[in-house]
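The following exercises ask the reader to work from an overall description to individual residues. Please examine the sequence and the model before reading each solution.

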Amino acid sequence: MKIILMALLSFFLAAPIFSVVAQSLEADMKRAAGAYERKDMSTAVRIWKAWAAKGNAEAQTLLGAMYWSGEGVSRDHKEAARLYLLAAQQGYARAQNDIGFMLGFGEGIPPHDDVEAYKWIKLAIDRYTAKNQERLDQARKDLETLRSRMTAAQIAEADKRAKAWKPVVSKR
């Protein structure tokens with residue numbers, strides 16, 4: 001009984017801390033998005049870098065997009081791919097789509113790999129919600145383009161990898 005009471009006490013003492021962290025994340029992400037919209041790239045980068053370093057998949061993806069395009073940071077496709085992959089491994093649909101696009105249609109970083117590209121884009125399609133209809137439609141077109149240039153064996157391998165995929169929980 002004493003153990004149960006201690007566990008409950010620990011939970012109730014920790015719950016407000018988790019709530020503050022969640023509110024802080026939400027507020028920071030809104031602040032960063034607002035800064036990005038106002039073209040205040042240094043603020044957006046600073047906030048997204050902090051949350052990306054903590055393992056937040058959305059921040060990793062948005063920061064990756066900035067590295068992809070060179071907005072607010074030096075253009076660095078290697079860093080964009082690294083960030084996209086970290087977020088994709090956690091199951092974040094946009095990152096899965098973005099790393100899949102880079103693998104299948106990118107500019108050499110990471111190296112071209114239709115099987116991995118297909119896997120990631122297929123996973124993104126399975127995870128996109130209705131609010132991402134435009135991205136979902138484009139991902140479906142990209143998947144069909146990949147399919148048209150792949151062999152049946154490559155498609156089977158990509159499907160096998162997608163089916164076996166499990167999200168990685170951020171370690172931070």
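**Exercise 1.** Determine what share of the 172 residues of the protein count as buried, and state how many helices and strands the protein has.

*Solution.* In this predicted model, 38% of the 172 residues count as buried. The next step is the secondary structure: the protein has 8 helices and 0 strands, and the pattern along the sequence reads α-α-α-α-α-α-α-α. Turning to contacts between residues at least 6 apart in sequence, 54% join residues at least 24 apart. Finally, the exposed surface amounts to about 10300 Å², of which carbon and sulfur atoms supply 60%.

**Exercise 2.** Classify Y67 as buried or exposed, and identify the residues with which Y67 is in contact, leaving aside neighbours within four places in sequence.

*Solution.* Begin with the location: Y67 belongs to helix α3, which covers residues 57–69. The relative accessible area of Y67 is 12%. Buried means under 20%, so Y67 is buried. With neighbours within four places in sequence left aside, the contacts of Y67 are K49, V73, S74, R75, D76, H77, E79, A80 and L83. For one of these residues, L83, the separation can be stated: its C-alpha atom is 9.2 Å from that of Y67, and the two residues are 16 apart along the chain.

**Exercise 3.** State how many aromatic pairs there are, and describe the geometry of the pair formed by W120 and W165.

*Solution.* The count comes to 3 aromatic pairs. One of them is formed by W120 and W165, with 6.1 Å centre to centre and 75° between the planes. An angle over 60 degrees counts as edge-to-face, and the pair is therefore edge-to-face. Next, place the two residues: W120 lies in helix α6 (residues 114–127) and W165 in the segment after α8 (152–164), so the pair ties together parts that are 45 residues apart in sequence. Both W120 and W165 are buried.

**Exercise 4.** Identify which lysine lies over the face of W120 and which lies over the face of W51.

*Solution.* For W120, the residue is K119, at 4.1 Å from the ring centre. For W51, the residue is K54, at 4.1 Å from the ring centre.

**Exercise 5.** Establish whether N97 is buried or exposed, and name its contacts beyond four places in sequence.

*Solution.* N97 is located in helix α5 (residues 93–105). Its relative accessible area is 9%; the cut-off for buried is under 20%, so N97 is buried. Leaving aside neighbours within four places in sequence, N97 is in contact with W120, I121, A124, Y128 and A139.

Technical notes:
Residues numbered from 1 in each chain as written. Predicted model: local features only at pLDDT ≥ 70, side-chain atom pairs only at ≥ 80, totals over all residues. Heavy atoms only, no water. Helix = DSSP H or I, 4+ residues; strand = E, 2+ residues; numbered from the N terminus. Buried < 20%, exposed > 50% of the residue type's maximum accessible area, 1.4 Å probe, protein only. Contact = heavy atoms within 4.5 Å. Phe/Tyr/Trp six-rings, centres within 6.5 Å; stacked < 30°, edge-to-face > 60°. Lys NZ or Arg CZ within 6 Å of the ring centre and 35° of its normal. Areas by Shrake-Rupley, 256 points an atom, 1.4 Å probe, with all protein chains shown as cover.
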